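Here are a few exercises to work through with the model open beside you. Try each task before reading its solution.

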Amino acid sequence: MAMRRLFSLRHPVCVTVLLLLVALAGAGWYKRHAVLARIAYILVAEDPVVPVELVVVSNANAKTTALEAVHLYRAHLSPQIVLTTWVALPIDEELRRLGITCLHPTEIARTILTRSGVVPQDIVVLPDPVDGTETEIAAVVAFARQSRPKSLRFITVRSHTARARWLLRRGLPPDIQISVGSSRFDPFSIASWWQRRDQSREVMSEYLRWVNTLVLGDPWSHRAAARQSS
């Protein structure tokens, strides 16, 4: 009976607990936008735009990243643009066999660059096929270790930038200055991502990518490397 009286909704303790829960729920609802924005803010790294020796265009969104590279090139902030080669898919070859024009991300990026006035000699296409940020960074690291630029800027989609910077800093020598950023044409918004289905999906996917990078060690890239070497 004593326990029943203690947990009665009319008991002062229960009333106090309920009031506290209501207050916490109200505060959480009031601050929900700040909390949601913070969730996306963690994924984003936008370094200041400074002159660099080369700009790397990610295939994550070849259209927006290539257009940003064009802007930096025209502003004389970088004399060279580097593209990675997106892996060829069997479906693309089948479409081409049927006479259907199907450009993969690397071809889209290169077309944007050349038609925007970038001199072909200023475009470097890395030969190793890539299928994501992890393999892109590996290709860039291998190229940078060989060519030894003093500085580079990696342009990718906004939600990938923090992970890309972490991977680059882990892979490149400390004497190479690294900056990471997204395109001015990137639609991703830290302040309102939860209001759009595609951006909400992207936030959830990017957190899973972090798990793949930090916890799983990206086993898919290791398998791909093994297939290429065999």
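Two strands pair if DSSP finds at least two bridges between them. Helices (H or I, at least four residues) and strands (E, at least two) are DSSP runs, numbered from the N terminus. This is a predicted model, in which local features need pLDDT of at least 70, side-chain atom pairs count only at pLDDT 80 or more, and totals for chains, interfaces and linings use all residues. Residues are numbered from 1 along each chain as its sequence is written, and side-chain values use heavy atoms, with hydrogens and water left out.

**Exercise 1.** Find how β1 and β4 are joined, then place them in the sheet.

Step 1: Locate β1 at residues 54-57 and β4 at residues 151-155; they run parallel and are joined by four bridges. Within this pairing, Val55 stands opposite Arg153.

Step 2: Now widen the view to the open sheet, whose five strands pair in parallel in the order β3-β2-β1-β4-β5.

Step 3: Look at the edges, where β3 (123-130) and β5 (177-181) each have a single partner strand, so one side of each lacks a neighbour in the sheet.

**Exercise 2.** Which parts of the chain does the salt bridge between Glu46 and Arg158 tie together?

Step 1: Recall that a salt bridge is a side-chain nitrogen of Lys or Arg within 4 Å of a carboxyl oxygen of Asp or Glu. In Glu46 and Arg158, the closest N and O atoms are 3.4 Å apart.

Step 2: Glu46 is in the loop between α3 (32-41) and β1, while Arg158 is in the loop between β4 and α8, so the pair links parts 112 residues apart in sequence.

Step 3: For the wider picture, the whole structure has 10 salt bridges.

**Exercise 3.** Judge how confident the prediction is along the chain.

Step 1: Use pLDDT, the predictor's confidence in each residue, from 0 to 100. The protein chain averages 86, and 82% of the residues score at least 70.

Step 2: Turn to residues 1-9, where pLDDT stays under 50. Where pLDDT is low, the predicted coordinates should not be read in detail.

Notes:
Contact = heavy atoms within 4.5 Å.
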